[in-house]
Amino acid sequence: MYLDPRWVTVMVGSAAAFGALSPLIHARRFSFFAASLPHSALLSVALGYVASSTLGGHPAAWAILVSLPFSSILVHLIHRGVSEDNATSVFVAFTVSGSVAVIHYVLTNYPARVSLWSYILGDPLLASWEDAILTAAIASVTIFLSSKLLLKEMSIGLDSEFAAVSGIKVKFHNYLLALMLTAVAVSLLRVVGFVVEHVALLLPSAVAAQLARSAREFYIVSILTSVLASVGGLVLSVYLNVAPSAMLGFLLLLFYVVSLLTGG
Amino acid sequence: MHKGEQSITVENLTFAYGEDVILSKNSFSVRGPGLITLLGPNGSGKTTFFKLLIGILKPLEGRVFLNGEDVTGDPFKAGVHASYVPQLSAVRRDLPLTGLEAVEAALQGKERAERRSRALEALRLVGAEDLVNRKLSAMSGGQLQRVLIARALVRDTPIVLMDEPFSGIDPRGRENLADLASELANDRLILLSTHDPVLTLNKSKTIVVFNRGVKAVGSPEDVYKLELLKAAYGSGVLIIEKCLHVLS
């Protein structure tokens with residue numbers, strides 16, 4: 001069995017990034033946002049492809065650029081008093097409709113150089129060295145930022161009013177977290193795919209919350225769970241000849257069930 | 001020891017949730033140090049009043065001053081002067097945080113070593129040393145309340161607001177917390193809300209009777225009277241064997 005170092009790098013890097021963000025999502029009850037994020041990521045990737053084809057530049061850079069306003073609008077709606085459920089419904093309705101329209105436009109007007117299937121199903125096996133380096137860089141930045149933010153985000157999650165009185169700018173942190181999640185989700189969409197991305201964002205912290213005895217453990221266990229599932233998923237996918245992101249999803253689910261049965 | 005002014009002043013404060021008026025052009029002022037009890041029945045708007053005092057809510061009209069500074073609708077400014085102990089129900093206990101981490105998190109922008117030593121000191125002050133490594137989800141109501149008080153104290157503000165600290169606590173725990181609040185009020189202005197006056201009556205310097213507005217302010221001897229309590233509690237106040245009983 002051969003494991004290309006590029007595959008391992010993109011799988012471990014993306015898993016580490018998702019695993020590092022997952023505790024922040026759990027602490028801030030951003031699951032509604034994380035679950036809807038792949039929809040806007042897919043739309044952004046399709047728009048990025050159109051933008052780079054017509055205006056030049058890197059499609060991934062365009063995708064990140066166009067994705068940020070979508071997430072900002074969602075957070076703004078919630079700050080304006082729209083319920084999370086309603087805001088998310090509007091967000092998903094817009095991004096899903098937009099994705100279908102833009103993907104149809106791309107497929108009928110552009111000779112697609114990159115398979116859109118890889119964004120939908122995820123395919124780390126197509127990774128180039130450029131992808132591997134980019135993923136490692138994203139993972140490093142994400143781990144650095146999330147570790148710095150962990151205690152503040154936990155404080156806001158614990159009691160946002162006390163956090164505000166103790167000097168934390170809660171609204172700023174809402175935008176910051178939303179934009180971080182968006183940038184990472186769009187950048188790494190091709191590795192895990194649209195279908196499994198929200199699982200990769202949500203389940204590591206769900207496992208860690210069952211097992212951890214402190215915030216520090218919560219963070220570390222979440223990253224380790226995610227990385228273990230990604231390496232295991234890659235090995236199993238090569239061995240069984242199935243999609244790596246599918247095995248990642250199955251393993252995270254398995255870990256969650258085991259944590260439920262064994263955790264305190 | 002907190003030196004300098006310790007005061008809460010409210011001028012013409014008006015607030016409503018839509019049609020539901022909580023305060024209408026209310027004014028009052030209290031000074032510290034000492035324990036001030038905000039007494040009122042459940043649903044009287046005590047929590048809303050506290051949120052107005054610490055700038056979480058903006059009044060429709062009027063101003064809030066803490067230690068002479070206008071902090072109306074500004075939690076950052078209010079946070080310089082006052083800290084806050086919320087009701088237990090306002091805190092998420094499902095997060096995997098230890099007692100020490102919950103207190104440490106209140107000290108943003110400080111070095112880790114300083115955060116840790118100050119958090120340990122605050123936990124010691126409230127008699128919660130044994131909760132340093134315990135998860136919030138594994139604590140009783142009384143234990144969690146002590147951690148939340150430590151979290152408020154670690155910020156070292158001259159004013160501390162405590163919102164219904166006795167709710168959800170067993171009788172023994174209530175007495176201990178009342179003693180702790182009284183002790184802390186030696187050098188701070190502690191404003192404590194409760195619907196049950198018995199625990200803090202003898203320990204309070206001032207009683208504020210509250211129900212959809214400030215109904216009376218004064219010493220316990222001046223305020224703990226049938227007609228004044230009836231203004232807040234309605235007919236739920238009885239004299240039995242020459243003793244006042246509040247049936248909130």
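Start by selecting Glu161(A) and Lys51(B): these two form a salt bridge, with their closest N and O atoms 3.1 Å apart. (A salt bridge here is a side-chain nitrogen of Lys or Arg within 4 Å of a carboxyl oxygen of Asp or Glu.) The pair crosses between chains, running from helix α7 of chain A, home of Glu161(A), to helix α1 (residues 46-53) of chain B, where Lys51(B) sits. Helices are DSSP runs (H or I, at least four residues), as strands are (E, at least two), and both are numbered from the N terminus. Glu161(A) counts as partly exposed because its relative accessibility is 21%. For that scale, buried means under 20% relative accessible area, exposed means over 50%, and partly exposed is in between (1.4 Å probe, protein chains only).

A word on what you're looking at: this is a predicted model, where local features need pLDDT of at least 70 and side-chain atom pairs count only at pLDDT 80 or more, while totals for chains, interfaces and linings use all residues. Residues are numbered from 1 along each chain as its sequence is written, chains are lettered from A and ligands numbered from 1 in the order in which they are written, and side-chain values use heavy atoms, with hydrogens and water left out.

**Stop two: the interface**

Now colour the two chains separately and look at where they meet. How many residues of chain A are in contact with chain B? There are 26 of them, and they touch 31 residues of chain B (contact means heavy atoms within 4.5 Å). Together the chains bury about 2,500 Å², 62% of it on carbon and sulfur atoms. Buried area is the accessible area (1.4 Å probe) that two parts lose on being put together, summed over both.

Select Leu158(A), Phe162(A) and Val165(A) next: within chain A, these lose the most area to chain B, together 31% of what that side buries.

The rule finds two salt bridges across this interface, and the one you opened with joins Lys51(B) to Glu161(A). You can also look for polar contacts: 10 residue pairs make one between chain A and chain B, both residues at pLDDT 80 or more. (A polar contact is a pair of N or O atoms within 3.5 Å; within protein, one must be able to donate a hydrogen and the other to accept it, and residues adjacent in sequence count only if both atoms are side-chain atoms.)

Which elements give two or more residues to the side of chain A that touches chain B? Highlight α1 (5-27), α6 (129-158), α7 (160-165) and α10 (215-240) of chain A. Of these, α6(A) gives the most, with six residues.

**Stop three: aromatic rings**

Show the aromatic side chains. The whole structure has nine aromatic pairs over all chains. Rings of Phe, Tyr and Trp (its six-membered ring) pair if their centres lie within 6.5 Å; planes under 30 degrees apart count as stacked, over 60 as edge-to-face and the rest as tilted.

Zoom to Phe32(A) and Phe33(A): their ring centres are 6.5 Å apart and their planes sit at 70°, so this pair is edge-to-face. Both Phe32(A) and Phe33(A) are buried. Add Phe30(A) and Phe91(A) to the selection, and you have one aromatic cluster of Phe30(A), Phe32(A), Phe33(A) and Phe91(A).

Then go to Phe70(A) and Phe94(A), also edge-to-face because their planes are at 70°, with ring centres 5.6 Å apart. This pair links distant parts of the chain, 24 residues apart: Phe70(A) is in helix α3 (residues 59-79) and Phe94(A) in helix α4 (residues 84-109) of chain A. Phe70(A) is buried, with a relative accessible area of 14%, whereas Phe94(A) is partly exposed at 47%.

**Stop four: more charged pairs**

Over all chains, the structure holds 16 salt bridges. One joins Arg6(A) to Asp4(A), with the closest N and O atoms 2.8 Å apart. Is Asp4(A) buried or exposed? At 6% relative accessibility, Asp4(A) is buried, while Arg6(A) is partly exposed at 26%.

Another salt bridge brings together the side chains of Glu217(A) and Arg213(A) (2.8 Å, N to O). Arg213(A) counts as exposed at 56% relative accessibility, and Glu217(A) as partly exposed at 25%.

**Last stops: two buried residues**

In chain B, pick Thr48(B) in helix α1, buried with a relative accessible area of 9%. The side chains of Thr48(B) and Tyr17(B) share a polar contact of 3.0 Å.

Finally, select Gly233(A) in helix α10 of chain A, buried at 0% relative accessibility. Leaving out residues up to four places away in sequence, Gly233(A) touches Pro244(A), Met247(A), Leu248(A) and Leu251(A).
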